[in-house]
Every structure is written in structure tokens, then in C-alpha cells.
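Please work through the exercises below with the sequence and the structure open beside you. Try each task on your own before you read its solution.

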Amino acid sequence: MEKRILLEKRGNRPADIKELVLDNCRSTHIEGLTDEFVALESLSLINVGLTSLKGFPKLPSLKKLELSDNRISGGLNLLHVSPKITHLNLSGNKIKDLDALQPLKEFKNLKYLDLFNNEVTNVDNYREKVFSLIPSLRYLDGFDMDDCEVDDSEAEDDEVNGNEDGDGDVNEEDSEDVSDEEEDDNTEGLATVYKNNLEDDSDEEDYMGEEEEEEDDDYDIIEDEQEEEEDSSPARGKKRKHEDGGESGN
């Protein structure tokens, strides 16, 4: 496992890593994973061969933990060093009874729990008892208390949503405030665009009016020049005729 961790780090500092996938690296317990991974939010240890969680480090930012297809039968209290866990997958392990799940009631942010293919699922009223044991739980083995299947998009939103209260629940008031602000911004934006369009139209009309006035002025100038030419043409003709007459008289 230590070699796999070194490989997955890819030269990055442990404190900068947010996701770590260690699937299929064979080990019976946690080794090489230290408290240095303070920013780690997602850890996957699928089909590793773990028989216990001994050596599980303090991961204060951890939210999603994949432990499916191992041989874990208990010791879930060792996960208390990661109180922000919202998703926990323990499917395909060796958990036999509800007593082994007792430590999970301390997880105030745990919303998604998967115990599929564990013996504990054969306990009478298994679902009701697990939901009662973990008050924060919303989905067990992919279904809620009303047997409605989990919405994948909702689960993804919960994983990436950073707008949470101290208890891990989404702050509805903040969400409403954001929506109102977005609506106000959109309204102001539309008003600005509309105002700009009106100003553009007004400027265009003024510009067109100026062009028409300039054309009228040009037209008046041309007419004045034509009138001057017409007035001056006969005089030139008479003068020329007079000059011609004078020459012939001579």
C-alpha cells in the first residue's frame, strides 16, 4: 500500500491531495496513509483485503470513503477521526449485526450508507433499525426510508456542494438568498440592455436626422449654383453677341 500511495501522489505534497484511489492494492490493514493528508476529501480502498481499520489516520476533511469488497467485521469507531464523512460504502464486507454499526450513530454528517452483501442485512427490520440508529442517514443501500431510489444527480450535488451548515446540511436560506440575488442581477441586466438599446436607437435617429439635414443643405447649395449659372448665362451671351456685332461693324 505504501508504494501505491507514493505512486498516486505523483510528486504532490500530501497536504495538497484531495482524492486518493488505492483500489486493489493488497493489504490487511492501513499502512502508509498518514495524518499529513489534511485536505483529502475522497478515499477509495476497494478490494484491498482489509480485515480491520487499524492504522486509519486522522483525515479531518474526508467526506467520501469507499471500503467495499474487503473483510471488515467491526472497528468502525476508528473512523471517528474523520467526522465529516457523508458517504460510506461498506458493501461486500463481514458485518454481521447491528452492534458493529453502533459507532456510526456518532457521525452527524453521514447521509449515504451502503451495507449491501453483508450479513447484517438479514436482520429483522434491518432498514428501520439502521435508520433509527443513524438519525442523519438519508439513504441506505441506495434507497431512502420510503424505498425511493437515490437520485444520482442529488448525490453528486451533495458531494461537490460546499454551501453547508455546521451539521453538514445545505443551508436553504442561503440558497434562497443566492437565487434572489441572481434574479435581481438578471433583472438589472435586462434593464441595462433595454436602456442601452433605447439610447442606441435615439443616437441612430439623431444621426439620421443630421444626415438628412446635411443632404438638404447640399441640395440647396446645388440649386443656388444652378440658379446663378442660369442668371449669368444670358449676360454672357449678350456680351458675346455685342462683341461679335462690334467686330463685324468694324
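**Exercise 1: The cysteines**

Task: decide whether Cys148 counts as buried, partly exposed or exposed, and do likewise for Cys25.

Solution: Cys148 has a relative accessibility of 41%, and because this value falls between the cut-offs of 20% and 50%, Cys148 counts as partly exposed. Cys25 has 8% relative accessibility, which is under 20%, so Cys25 counts as buried. Keep in mind throughout that the model is predicted. As a last step, a search of the whole structure for disulfides finds 0 of them.

**Exercise 2: A buried charge**

Task: find out where Glu66 lies, and which side chain of opposite charge is nearest to Glu66.

Solution: Begin with the position, which is in strand β3, a strand made of residues 64-66. Next, consider the charge: Glu66 is buried, and the nearest side chain of opposite charge belongs to Lys64, at 4.2 Å. Because a salt bridge requires the atoms to be within 4 Å, this pair does not qualify, and Glu66 has no salt bridge. The side chain of Glu66 does, however, make a polar contact of 3.0 Å with the side chain of Asn89. If neighbours within four places in sequence are set aside, the residues in contact with Glu66 are Leu43, Ser44, Leu45, Ile46 and Asn89.

**Exercise 3: Two loop residues**

Task: state in which loops Ser91 and Thr86 are found, and describe what surrounds each residue.

Solution: Ser91 belongs to the loop between β4 (87-89) and β5 (112-114), and with 12% relative accessibility Ser91 counts as buried. The side chain of Ser91 makes a polar contact of 2.8 Å with the side chain of Asn89, the residue whose side chain also joins Glu66 in a polar contact. Beyond its neighbours within four places in sequence, Ser91 is in contact with several residues, among them Leu67, Asp69, Asp114 and Phe116.

Thr86 is located in the loop between β3 and β4, and it is buried, with a relative accessible area of 8%. Although Thr86 and Lys111 are 25 residues apart along the chain, their C-alpha atoms are separated by 5.2 Å. Lys111 is also one of the residues that Thr86 touches when those up to four places away in sequence are not counted, and the others include Lys63 and Tyr112.

**Exercise 4: The salt bridges**

Task: determine how many salt bridges the structure holds, and identify the parts of the chain that are linked by the pair Arg127 and Asp147.

Solution: The structure holds 4 salt bridges. In one of them Arg127 pairs with Asp147, with the closest N and O atoms 3.5 Å apart. This pair links distant parts of the chain, since Arg127 is in helix α2 (residues 126-133) and Asp147 is in the loop between β6 (139-140) and α3 (152-160), 20 residues apart. Asp147 counts as exposed at 53% relative accessibility. A further salt bridge joins Arg13 and Asp16 at 3.0 Å, N to O; here Arg13 is exposed, with 54% relative accessible area, whereas Asp16 is partly exposed, with 47%.

Glu8 and Arg10 also form a salt bridge, their closest N and O atoms being 3.4 Å apart. In this pair Glu8 is buried at 18% relative accessible area, while Arg10 is exposed at 63%.

Methods:
Residues numbered from 1 in each chain as written. Predicted model: local features only at pLDDT ≥ 70, side-chain atom pairs only at ≥ 80, totals over all residues. Heavy atoms only, no water. Helix = DSSP H or I, 4+ residues; strand = E, 2+ residues; numbered from the N terminus. Buried < 20%, exposed > 50% of the residue type's maximum accessible area, 1.4 Å probe, protein only. Lys, Arg positive; Asp, Glu negative; His and termini not counted. Polar contact = N/O pair within 3.5 Å; in protein donor to acceptor, adjacent residues only side chain to side chain. Contact = heavy atoms within 4.5 Å. Disulfide = S-S within 2.5 Å.
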